[in-house]
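Please open the model in a viewer and keep the sequence alongside. The tour proceeds by selection, one stop at a time.

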Amino acid sequence: MDMAHIKGQDFARRALEIAASGAHNIIFSGPPGSGKTMLARALPSIMPQLEFKEALDITRIYSIKWLLPPGSGLINTRPFRDPHHTISDVALIGGGRIPSPGEVSLSHNGVLFLDELPEFKRFVLEVLREPLTSGYVSISRASQTCRFPANFLLAAAMNPCPCGYANDPKKECVCTSSQIAKYRNKISGPLLDRIDLHVYVPPLAPYELADKPNGESSETVKARVIKARQKQLERKSNNGLLNSHLPSNNLTEACMMTDTAKSLLIKAAK
């Protein structure tokens with residue numbers, strides 16, 4: 001999916017660029033047909049090319065899962081995994097009698113996309129908390145403990161309510177407040193806290209889809225993402241960490257805020 005195919009949604013496109021630049025997890029919320037899935041599928045196209053070590057790690061993981069065709073070389077594109085919401089916790093996180101990697105490890109150095117996030121079983125989503133925090137998964141059995149890498153960018157999409165039209169200016173929502181609360185409570189607070197960017201994607205009117213010109217291409221956006229990442233990697237004070245991985249003691253130095261920005265941040269926190 002190329003970014004040029006996405007019309008309008010300038011706010012969401014900007015959020016997607018920030019997510020790719022700083023390796024920030026992102027969730028899109030909006031009514032059906034607003035373009036949430038298209039935006040998420042375009043994410044790998046604006047991420048930098050794999051480095052050799054990253055490609056080697058990914059190829060190792062796919063090799064032990066028997067997902068490499070015979071004679072194939074290194075995987076040179078970032079993974080994009082899109083599991084169905086009926087997936088089990090073992091298939092997502094990894095495991096089995098002889099431990100093997102799950103979807104989170106198959107997404108290593110790439111994107112794990114969870115569409116219709118509240119439709120996943122809550123206990124399945126909860127297993128994401130460890131890899132989102134640490135970047136790896138430990139699976140213990142009586143005979144051995146295996147540790148698999150799982151440093152992925154999480155992209156998710158969801159409707160704001162079961163019918164999908166809460167907050168829609170033109171279509172009335174038919175859900176009760178209790179139905180909306182039950183729907184949203186399927187996703188725990190600790191998991192949502194690990195998602196940096198929460199973005200509302202509004203519906204586009206038919207004339208906007210017909211008349212708006214195509215947006216910037218993925219190549220144009222990727223050039224800015226690479227430039228932003230290079231600036232982060234050159235910071236000597238925090239060993240070249242990307243923004244999403246900055247420890248709190250480095251934030252003040254690496255991300256100095258103007259008074260206006262600080263005021264906005266405090267307002268958002270409140």
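The coordinates belong to a predicted model, and residues are numbered from 1 along each chain as its sequence is written.

**First stop: helix α1**

Select residues 10-22, which form helix α1. Three side chains of this helix deserve attention in turn, beginning with Arg13.

Arginine 13 is buried yet takes part in no salt bridge. Its nearest side chain of opposite charge belongs to glutamate 216, at 4.7 Å, whereas the cut-off for a salt bridge is 4 Å between a side-chain nitrogen of Lys or Arg and a carboxyl oxygen of Asp or Glu. Display isoleucine 6 as well: its backbone oxygen is 3.2 Å from a polar atom of the arginine 13 side chain.

Move along helix α1 to serine 21. With a relative accessible area of 10%, serine 21 is buried. A polar atom of the serine 21 side chain lies 2.8 Å from the backbone oxygen of glutamate 17. Glutamate 17 should now be selected with its side chain shown; its relative accessible area is 9%, so this residue is buried too.

**Second stop: the salt-bridge network**

Which residues are linked to Glu17 in a network of salt bridges? Add Glu216 and Arg224 to the selection, and the network of Glu17, Glu216 and Arg224 is complete on screen.

Take the contacts of arginine 224 one by one. With glutamate 17, the side chain of arginine 224 forms a salt bridge of 2.8 Å, N to O. Arginine 224 belongs to helix α11 (residues 218-233) and glutamate 17 to helix α1, so this pair ties together parts that lie 207 residues apart in sequence. With glutamate 216, arginine 224 forms another salt bridge, in which the closest N and O atoms are 2.7 Å apart.

Are the members of the network buried or exposed, or in between? Glutamate 17 is buried at 9%, while arginine 224 is partly exposed, with a relative accessible area of 34%. Glutamate 216 likewise counts as partly exposed, at 37% relative accessibility.

**Third stop: arginine 78 and glutamate 54**

The count of salt bridges in the model comes to nine. For one more of them, select arginine 78 and glutamate 54, whose side chains meet at 3.4 Å, N to O. Arginine 78 sits in the loop between α3 (52-64) and β2 (80-81), and glutamate 54 in helix α3, so the pair joins parts 24 residues apart in sequence. Arginine 78 is buried, with a relative accessible area of 13%.

**Fourth stop: isoleucine 93**

Next, select residues 89-93, helix α4, and within them isoleucine 93. This isoleucine is buried, its relative accessible area being 13%. Add glutamate 103 and draw a C-alpha to C-alpha distance from isoleucine 93: the two are 10 residues apart in sequence and 6.3 Å apart in space.

**Last stop: the second largest pocket**

Finally, select Leu251, Cys255, Met257, Ala261, Leu264, Leu265 and Ala268, which line the second largest pocket. The space in this pocket is about 400 Å³.

Which helix gives the most to the lining of the second largest pocket? Colour residues 259-269 to see helix α13, which contributes four residues. Colouring the lining by class shows seven nonpolar residues, with no polar and no charged ones.

Methods
This is a predicted model: local features need pLDDT of at least 70, side-chain atom pairs count only at pLDDT 80 or more; totals for chains, interfaces and linings use all residues. Side-chain values use heavy atoms; hydrogens and water are left out. On a 1 Å grid over the protein atoms alone, a cavity is a set of points where a 1.4 Å probe fits but cannot get out, and a pocket is an open set with protein on both sides within 12 Å along at least five of seven lines; lining residues have an atom within 4 Å of a point. Grid points are joined across faces, edges and corners, and a volume is the space filled by probe spheres set on the points. Helices (H or I, at least four residues) and strands (E, at least two) are DSSP runs, numbered from the N terminus. Ala, Val, Leu, Ile, Met, Phe, Trp, Tyr, Cys and Pro count as nonpolar, Asp, Glu, Lys and Arg as charged, and the others, Gly among them, as polar. Buried means under 20% relative accessible area, exposed over 50%, partly exposed in between (1.4 Å probe, protein chains only). Lys and Arg count as positive and Asp and Glu as negative; His and the chain ends are not counted. A polar contact is a pair of N or O atoms within 3.5 Å; within protein, one must be able to donate a hydrogen and the other to accept it, and residues adjacent in sequence count only if both atoms are side-chain atoms.
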